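User: I'm new to reading protein structures, and I'd like a close look at one part. Could you walk me through the cysteines, and then show me what surrounds the rings and strands?

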Amino acid sequence: MIPYGRQDITQTDIDAVVGVLQSDFLTQGPMVPRFEQSVAQHVGASHALAVNSATSALHIACLALGLGPGDQLWTTPITFVASANCALYCGAEVDFVDIDPRTYNLCAQALAQKLEQAELAGKLPKIVVPVHLCGQPCDMQAIHALSQRYGFKIIEDASHAIGGKYQGEFIGNSRYSDITVFSFHPVKIITTAEGGMALTNDDELASKMALLRSHGITRDPAQMTHEADGPWYYQQIDLGFNYRMTELQAALGVTQMERLDQYVARRHELARRYDDLLTDLPVTTPWQHADSYSGLHLYVIRLQLDQIQKTHRQVFESLREQGIGVNLHYIPVHMQPHYERMGFEPADFPQAQVYYKEAISIPMFQTMTDEQQDEVIAALRVAVQP
Ligand SMILES: *Cc1c(COP(=O)(O)O)cnc(C)c1O
């Protein structure tokens with residue numbers, strides 16, 4: 001089976017992790033700050049907070065921005081459930097903005113229209129979470145302009161997008177957002193097994209998220225309500241969690257980061273080859289915005305079903321039967337039972353609904369060979385034949 005995504009683990013990675021196992025610190029040692037510094041420097045952010053998943057990062061990002069009961073968070077329906085669930089953890093409500101039919105990202109025009117109506121109804125969102133689907137950045141400049149006008153905060157869910165650029169600058173520098181989140185799950189671009197990170201240029205948000213990832217506990221005298229009782233002293237000044245990343249994970253992250261640019265470059269080579277080799281097949285290849293250099297976490301094709309005498313499901317099953325580990329990113333979040341129970345209906349977001357009927361993620365990972373890619377194309381050719 002050729003998987004749709006796969007991590008790359010080298011001897012350097014293994015040595016780094018073993019080195020930690022032989023050291024004094026398995027957690028709360030020097031590796032986590034080193035990994036944070038390496039990512040922050042690479043993408044150009046002032047602060048980076050490593051945590052145990054992107055889901056945790058989204059949660060503490062929402063809390064740091066003050067999301068709570070009575071508030072709304074808006075995101076795209078075409079994302080992993082975590083982009084929306086973070087609002088529910090905070091007792092807030094979720095709503096969605098339909099996707100742009102070309103980029104499959106949250107549509108800035110649809111957002112503008114929805115905001116206009118929401119303002120009249122007095123129900124503006126507190127946070128909007130644009131997701132850089134497949135690694136292609138959202139129209140951040142337009143979304144940021146809307147945030148200025150309507151007063152909402154922005155968390156970029158860049159789980160797919162580390163190593164990518166928007167308007168020539170690395171995603172993660174949060175130029176057009178308050179906080180950016182990365183995921184280091186093994187299918188993503190670089191991995192720490194499980195892991196995530198929140199990046200920001202705001203000192204206060206960084207310090208809030210640092211507290212929240214570790215029980216709300218501080219050892220900084222400046223943050224305490226009174227002078228320390230003694231050298232053992234710490235204070236819990238907020239209600240936080242244990243969302244810390246381990247030293248083992250961070251060590252892996254440090255060595256993975258050294259290969260990030262190389263990984264994304266290889267993904268671009270593969271994407272260009274797919275673009276060329278798929279031209280005569282009845283599929284739509286991913287459209288890339290001129291302002292963007294995608295991280296290319298995923299390569300999603302859309303079936304031109306009017307030109308194929310098979311259903312979406314039949315093509316998908318044929319690919320799996322031929323050993324191609326295709327996937328579908330994503331089942332629209334508003335169509336999940338947990339969200340349907342809140343009153344969402346499939347047709348609420350029509351572009352997301354049609355996307356779901358046509359999309360297939362075909363294999364894309366840095367260690368994929370040209371030969372494996374040719375196998376994918378050959379299988380696809382068979383799958384779309386009558
Ligand atoms: C993977 C992913 C997440 C969650 O990442 P974890 O690190 O597994 O918690 C969130 N959002 C998107 C868009 C993702 O792809």
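Analyst: Let's start with Cys 86, which is buried, with a relative accessible area of 0%. Keep in mind as we go that this is a predicted model. Does a buried cysteine like this one have a bonded partner, or is it free? Cys 86 is in no disulfide. The nearest cysteine sulfur belongs to Cys 62 and is 3.7 Å away, while a disulfide needs the two sulfur atoms within 2.5 Å. In fact, a search through the whole structure turns up zero disulfides.

Cys 138 makes a nice second example. Its relative accessibility is 1%, so Cys 138 counts as buried too. The closest cysteine sulfur to that of Cys 138 is in Cys 107, and at 10 Å it is too far for a bond.

Now for the aromatic rings. How many aromatic pairs are there? The count comes to ten. Take Phe 96 and Phe 344: their ring centres are 5.1 Å apart and their planes meet at 70°, so this pair is edge-to-face. Phe 96 sits in strand S4 (residues 93–96), whereas Phe 344 is in the loop between helix H11 (337–340) and helix H12 (350–358), so the pair ties together parts that are 248 residues apart in sequence. Phe 96 counts as buried, because its relative accessibility is 0%. Phe 344 counts as buried as well, at 12%. If you follow the ring pairs onward, you find a cluster that links Phe 96, Tyr 339, Phe 344 and Phe 349.

Rings can also have a charged group over them. Arg 102 lies over the face of Trp 287, at 3.7 Å from the ring centre. In the same way, the charged end of Lys 165 sits over the ring of Phe 170, 4.9 Å from its centre.

That last pair leads us to the strands. Strand S7 covers residues 165–166, and strand S8 covers 169–170. The two run antiparallel and are joined by two bridges. Which residue in S8 is the bridge partner of Tyr 166? It is Glu 169. Zooming out, S7 and S8 belong to an open sheet of three strands in the order S8-S7-S14, with antiparallel pairing. Its edge strands are S8 and strand S14 (292–293), and each of these pairs on one side only.

Definitions and conventions
Residues are numbered from 1 along each chain as its sequence is written. This is a predicted model: local features need pLDDT of at least 70, side-chain atom pairs count only at pLDDT 80 or more; totals for chains, interfaces and linings use all residues. Side-chain values use heavy atoms; hydrogens and water are left out. Rings of Phe, Tyr and Trp (its six-membered ring) pair if their centres lie within 6.5 Å; planes under 30 degrees apart count as stacked, over 60 as edge-to-face and the rest as tilted. Helices (H or I, at least four residues) and strands (E, at least two) are DSSP runs, numbered from the N terminus. Buried means under 20% relative accessible area, exposed over 50%, partly exposed in between (1.4 Å probe, protein chains only). A charge sits over a ring if NZ of Lys or CZ of Arg is within 6 Å of the ring centre and within 35 degrees of the ring normal. Two strands pair if DSSP finds at least two bridges between them.
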